[in-house]
Every structure is written in structure tokens, then in C-alpha cells.
Amino acid sequence: MALTFLDITPVRGNLALLPNQKILQGCVVSSNETATLVPGDVVTLATGDNANQIVVKKAAVTDLPFGVVVASAIKTGYAAGEHVSVLPEEGYVYLVAGGAIARGAKVQFNPTTGKVDDTTTASNGYVGIALTTAAADGDFVIVQVKPSI
């Protein structure tokens, strides 16, 4: 990813609808996390680590989402114990659709594919609301992060 884009090209986990979005810069990946977190991953709060830090782990489909890992020009993955930036509630982010999504639809995430869709399963956590449409699997969609709306 170049730092000299003259236009905004969607990238999974990139901020959308700039400026002035709140980003939590000091989050730490849980020491129990076995997966590498990548931009666009939905995370949840973890327990069992330092009580004085915001500790996150990759969310399971039934977890209450906390936010989305933000894309960085410096780093593409975050292992256990590393610092990670997270976009919390009310942020706007590019995510990848798992199928067609209508504007205004509540979207849920699939931790296996890393994609979002508007399939509604009552026990699954919502990550937010689609502000743009996706015509097919693999399209980018702008999501307003609103966990479990």
C-alpha cells in the first residue's frame, strides 16, 4: 500500500468517510490469541490479561463485537502481545462483503472468511450497518461500526 494515493482505493480495514474518526491506538492483542489479527478483523474484548489495558482477540461469530482492526501502512498483521489499532463504535470502515448487501442492512461477520453479510442469525453479533451496497461476494462495502445493534 503506497502512502501517496491520489484517490481513495478501498482496502479491507481502511477508514472510510474521513476525517476525525476515533481510533483506539493502545489496544493489545490477547496473550491467548493464536490467530494473527489482520486489518478488517472484527475483535471482541478479552479477559485474563492486564486489567489496565484494552485487550482484544478475534471475535467468534457469537461474541459481542467491540470494533474492527484498522489498516496500517506499516504493519499487516498483529500477533499475541502486540499493539493494534481498533476502530470502535461509530467509526466508518471498508469491509469485504460475502454476498449482495443492501444499503441500510444490518451486517454480521464471518470470522472464517473475514467477510460481512446481511444474513441475520439471532445468536450472531452484528458489526454494524452497511452505508453502501455490495452487488456480489468480494465487493467492498462501507460499514458504520455499531456492534450488536
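How many positive and negative side chains does the protein have, and how far apart do the centres of the two sets lie? In this predicted model, there are 9 positive and 12 negative side chains. The centres of the two sets lie 2 Å apart.

The fold contains 10 strands and 0 helices. Its C-alpha atoms occupy a box of roughly 40 × 40 × 25 Å along the principal axes. The radius of gyration is 14 Å, which agrees with the value near 15 Å for a compact globule of 149 residues. Of these 149 residues, 42% are buried. Among contacts between residues at least 6 apart in sequence, 60% join residues at least 24 apart. The exposed surface is about 7500 Å², with 54% supplied by carbon and sulfur atoms.

The whole structure holds 5 salt bridges. One of them pairs Arg 12 with Asp 41, at 3.2 Å from N to O. Arg 12 lies in the segment before β1 (24–29), and Asp 41 in the loop between β1 and β2 (42–45), 29 residues apart. Both Arg 12 and Asp 41 are buried.

A salt bridge also joins Asp 137 and Lys 115, whose closest N and O atoms are 2.7 Å apart. Asp 137 sits in the loop between β9 (126–130) and β10 (140–145), whereas Lys 115 belongs to strand β8 (residues 115–117), so the bridge ties together parts 22 residues apart in sequence. Asp 137 is partly exposed, at 48% relative accessibility. Lys 115 is also partly exposed, at 23%. Shared salt-bridge partners join Arg 12, Asp 41 and Lys 58 into one network.

Key
Residues are numbered from 1 along each chain as its sequence is written. This is a predicted model: local features need pLDDT of at least 70, side-chain atom pairs count only at pLDDT 80 or more; totals for chains, interfaces and linings use all residues. Side-chain values use heavy atoms; hydrogens and water are left out. Helices (H or I, at least four residues) and strands (E, at least two) are DSSP runs, numbered from the N terminus. The radius of gyration is taken over C-alpha atoms; the globule rule is 2.2 Å times the number of residues to the power 0.38. Buried means under 20% relative accessible area, exposed over 50%, partly exposed in between (1.4 Å probe, protein chains only). Contact means heavy atoms within 4.5 Å. Accessible areas come from the Shrake-Rupley method with a 1.4 Å probe; for residues, only the protein chains shown count as cover. Lys and Arg count as positive and Asp and Glu as negative; His and the chain ends are not counted. The place of a charge is taken as NZ of Lys, CZ of Arg, CG of Asp or CD of Glu. A salt bridge is a side-chain nitrogen of Lys or Arg within 4 Å of a carboxyl oxygen of Asp or Glu.
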